[in-house]
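User: Could you take a close look at one part of this model for me? I would like to hear about the salt bridges and what surrounds them.

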Amino acid sequence: MARYFDIHPENPQRRSIGQVVDLLREDGLIAYPTDSCYALGCQLGNRDGIDRIRTIRNLDDRHHFTLVCENFAQLGQFVHISNAVFRSIKASTPGSYTFILPATKEVPRRLLHPKKKTVGVRIPDHVVTQALVAELGEPLVSSTLLLPGHEEPMTQGWEIKEELDNQIDAVIEGEVGTEPTTVIDFSDDVPEVVRVGAGDPTPFE
């Protein structure tokens, strides 16, 4: 059964954040709120967690996983980013955007797009997500919690617990957006809007 955490949206309880991070470090898989919508998340080296995300969402190997980062210093360890692209991304973060960029060797191969060798990265504008990533000390491997056959992501923690109780290890109840991120592909240094979501795509069009 998944543990259920009700974490304050503006002043996250340190004890609760610590307990969730302990679960992540024990190869747990969590559902957590972000500024876009709920996401599934696990630690970078958690092969079982990544496989469980693929199973829950019925994903193929071309799916771009996202590394949810605390800041640009952390983001820069995992993707190659030119000065021009850096300035463009910096102007829109933190926020509800996912940026697809060429990955560095720090990213496990199983997370990469098989042909492009790219990965998604983002810095969310969400207090609880930021607290989790700061306490973990590394990015969260994440994917939007959009279940097969559902047209929209789930937005209520208790519903997620009911639906996925035996497939994940924890659910965080919290304030959450209702749309996935806007996805911008910068793999060729020129922005391509792949998905329009919660973030305004205008700066990249």
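Analyst: Happy to. A salt bridge here is a side-chain nitrogen of Lys or Arg within 4 Å of a carboxyl oxygen of Asp or Glu. With that in hand, and keeping in mind that this is a predicted model, let us start with the network: D48, R52 and D169 are linked to one another by salt bridges. The structure holds six salt bridges.

Within the network, D169 pairs with R52, and their closest N and O atoms are 2.9 Å apart. D169 sits in the loop between helix 6 (157–164) and strand 8 (170–173), while R52 belongs to helix 2, so this pair ties together parts that are 117 residues apart in sequence. D169 counts as partly exposed because its relative accessibility is 25%, and the range for that class begins at 20%.

Helix 2 takes part in another pairing as well. There, D51 forms a salt bridge with R110, with 3.3 Å between the closest N and O atoms. D51 is in helix 2 (residues 47–57) and R110 is in the loop between strand 5 (97–102) and strand 6 (118–122), so the bridge ties together parts that are 59 residues apart in sequence. Both partners are partly exposed: R110 has a relative accessibility of 26%, and D51 has 35%.

The loop that carries R110 also holds K116, whose side chain meets that of D185 in a salt bridge of 3.7 Å, N to O. This pair links distant parts of the chain, since K116 is in the loop between strand 5 and strand 6 and D185 is in strand 9 (residues 182–185), 69 residues away. What about their surroundings? K116 is partly exposed, at a relative accessible area of 45%, whereas D185 is buried, at 6%.

Staying in that loop, K117 is worth a look for its backbone. K117 lies between strand 5 and strand 6 and has a positive phi of about 60° although it is not a glycine. Its relative accessible area of 41% makes K117 partly exposed. For context, most residues other than glycine have a negative phi, and most peptide bonds are trans. The peptide bond from T93 to P94 is cis, with omega near -5°, and P94 lies in the loop between helix 4 (83–90) and strand 5.

A positive phi turns up at D27 too, with a value of about 65° in a residue that is not a glycine. D27 is in the loop between helix 1 and strand 2 and is partly exposed, at 40% relative accessibility. This brings us to charges that are not paired: D27 gathers with D22, E26 and E135 in a patch of negative charge on the surface. Patches of this kind are made of residues with no salt bridge. D22 comes from helix 1 (residues 14–25) and is partly exposed, with a relative accessible area of 40%.

Moving on to strand 2 (residues 30–32), we find I30, which is buried at 0% relative accessibility. Leaving aside neighbours within four places in sequence, I30 is in contact with V20, L24, A39, L40, G41, L132, A170 and I172. The C-alpha atoms of I30 and Q167 are separated by 9.5 Å, though these residues are 137 apart along the chain.

Note on methods: Residues numbered from 1 in each chain as written. Predicted model: local features only at pLDDT ≥ 70, side-chain atom pairs only at ≥ 80, totals over all residues. Heavy atoms only, no water. Patch = residues over 30% accessible without salt bridge, like charges linked within 9 Å, V, L, I, M, F, W, Y side chains within 5 Å. Areas by Shrake-Rupley, 256 points an atom, 1.4 Å probe, with all protein chains shown as cover. Lys, Arg positive; Asp, Glu negative; His and termini not counted. Charge placed at Lys NZ, Arg CZ, Asp CG, Glu CD. Helix = DSSP H or I, 4+ residues; strand = E, 2+ residues; numbered from the N terminus. Buried < 20%, exposed > 50% of the residue type's maximum accessible area, 1.4 Å probe, protein only. Contact = heavy atoms within 4.5 Å.
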